[in-house]
Amino acid sequence: MTGLNAAERRQLDVIRRFGTVGALLLLLGSLGAGAAPVFNPVLRLPVLSLFSRMPTVSIAVGFTGVFMLVLAWLALGRLSRPSRERVVSLPQMARTLVMWITPLVFTVPSFSRDVYSYLAQSEIAALGMDPYTEGPAQALGVDHPLTKGVPTVWRETPSPYGPLFLSAGRIVNWLTGGHVVWGVAMHRLLALIGLAMIIWALPRLARRFGVHPVSALWLGAANPLVLFHLVVGVHNESLAIGLMLVGFELALRRMPWVGPDGPFPPLQPGELVGYAVGSSVITLGAAVKIPAALALGFLGVMIARRLGGQWSRLFAVAGGLFVVFAVVLTAASLGSGLGYGWVATLNTAATIKSWLAPMTALGFAAGGLGILLGLGNHMDAAITVSRVVGSVIGPLIAAKLLFDSFRWKLRPLTGLGVALGAVLVFGATVQPWYLLWAAVPLAAAAGDTKFRVVATGISVALAVVLNTTGSPFDGRTFQLPYAYIAAIIATGLAVLLARRHLIGTPGGRVTSGTA
């Protein structure tokens, strides 16, 4: 593979600008259609407050930005395909990411109001109360400014997040004095740190598993779901996934390559230390959100295979990793002063009944069918049963993938991505950003073209499924059709202006372009 020619560099330049304009439009739209805090400072700004008075227009502007960023990402993907003779370089991909992310850093949180829950739950911990037994309404009071920003459904529920994350949140609240806007900015900084870890780890893991690093960055870091939900939505998945991937890479740095038939060299200097450090970092990711712990299983499989692949080696490695996991998690839990109460709240999200969760949707369908057949309304029971079935299916799939990875039938990082996807998809609740637990590891391990096409399609579909407000449109659903139509028309005009570079084949004589 070689670098882009002059015509392709010109095309890349237009793609970058197209996506940057989309990011700027999403920034402007968020001023009136984002998940703004209850006490919104934008309302006091002379010109920018106009957006909050035109919600339909703001939604249309925001969705125009969403559509333009998605289209720019797809166009960038054409220049990042591993099968191409000339592809985007890593520095070019990095500069593109910087151009797109920079405007998004200044957006009002959008697509979700979870960041306000982070602030409220961290304040509970900062006040010396237990966020794992009391929700914001009980601990802070319903009239507290931080409670008012929390979605109604979460005001009575305890925190489902790990002790490391709440400890970081406690520091954020201390530094900002409980100020909502500065608190959001600090949590976005944490999300950007997590994204930086993802960007650092992805190309390194991709090379290790035989995937082109630029392709991995395109699918795993430039993905619209990453931009919209980790940067704009400020979700703590960024920190958890970043720690998980960095830990995986650190653990493998001194591991020699071995095949199923060996040879299996003796342990190298620093190899055991690398495993300990890597597994510790992965455990810190689990102390943010627990799904990261699954990476220890697939790391253990890799270590056992490197040591010869016998079952005795697997059990010995599993024991060693469990000790590391227990020690680090205990240190995080007790050191935070919060203890292990978070273990009892891991299923808090199950209080939401979302059609995006296949097993919940199956329960809805079964309950609805029962009503149609005159069997009575057993909707809640049907959902409970289907969720129980899903809670068994997901771990069984993960166990099968672990076994296949151990038997050399599957790359362990591929197994990790699919296992995380299975556990979360068959879980009680699914949100669009949950896909990133699967997509980001798979971007570094699965270079297959069919996977790339499927992952692209799913990413595009989920990138546009949520409205920017992060709230339901009860009583004003009429706004959405108008906003969508206006956004489609505006995006269509933008594509018309840039169609030669976005959807055309680069060619012609070009003397300058983007380096």
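1. A helpful place to start: a residue counts as buried when its relative accessible area is under 20%, as exposed when that area is over 50%, and as partly exposed in between. Please keep in mind that this is a predicted model.

2. With that in hand, look at Asp-13, which sits in helix 1 (residues 6–33). Its relative accessible area is 11%, so Asp-13 is buried. The side chain of Asp-13 also has a partner: it makes a polar contact with the side chain of Arg-17, at 2.9 Å.

3. Next, the interior. The largest nonpolar core is made up of 134 residues, and Leu-205, Phe-228, Met-244, Leu-245 and Phe-248 are the ones with the most contacts inside it. Helix 2 (residues 55–78) supplies the largest share of this core, with 12 residues. Another core lies apart from it and has 5 residues, including Leu-31, Ala-36, Val-42 and Phe-51.

4. Met-244 is worth a closer look on your screen. Leaving aside residues up to four places away in sequence, Met-244 touches Ile-282, Ala-292, Ala-295, Leu-416, Leu-420, Trp-437 and Pro-441.

5. Now turn to the surface. Ile-290, Leu-334, Tyr-340, Val-343 and Leu-346 form a nonpolar patch there, and together they have about 420 Å² of accessible area.

6. Within that patch, where does Val-343 lie? You will find Val-343 in the loop between helix 14 (311–335) and helix 15 (358–372). The relative accessible area of Val-343 is 44%, so this residue is partly exposed.

How values were computed
Residues are numbered from 1 along each chain as its sequence is written. This is a predicted model: local features need pLDDT of at least 70, side-chain atom pairs count only at pLDDT 80 or more; totals for chains, interfaces and linings use all residues. Side-chain values use heavy atoms; hydrogens and water are left out. Patches are made of residues with over 30% relative accessible area and no salt bridge: like charges are joined within 9 Å, nonpolar side chains (Val, Leu, Ile, Met, Phe, Trp, Tyr) within 5 Å. Accessible areas come from the Shrake-Rupley method with a 1.4 Å probe; for residues, only the protein chains shown count as cover. A salt bridge is a side-chain nitrogen of Lys or Arg within 4 Å of a carboxyl oxygen of Asp or Glu. Helices (H or I, at least four residues) and strands (E, at least two) are DSSP runs, numbered from the N terminus. Buried means under 20% relative accessible area, exposed over 50%, partly exposed in between (1.4 Å probe, protein chains only). A nonpolar core is a set of buried Ala, Val, Leu, Ile, Met, Phe, Trp, Tyr and Cys residues joined through side-chain atoms within 4.5 Å. Contact means heavy atoms within 4.5 Å. A polar contact is a pair of N or O atoms within 3.5 Å; within protein, one must be able to donate a hydrogen and the other to accept it, and residues adjacent in sequence count only if both atoms are side-chain atoms.
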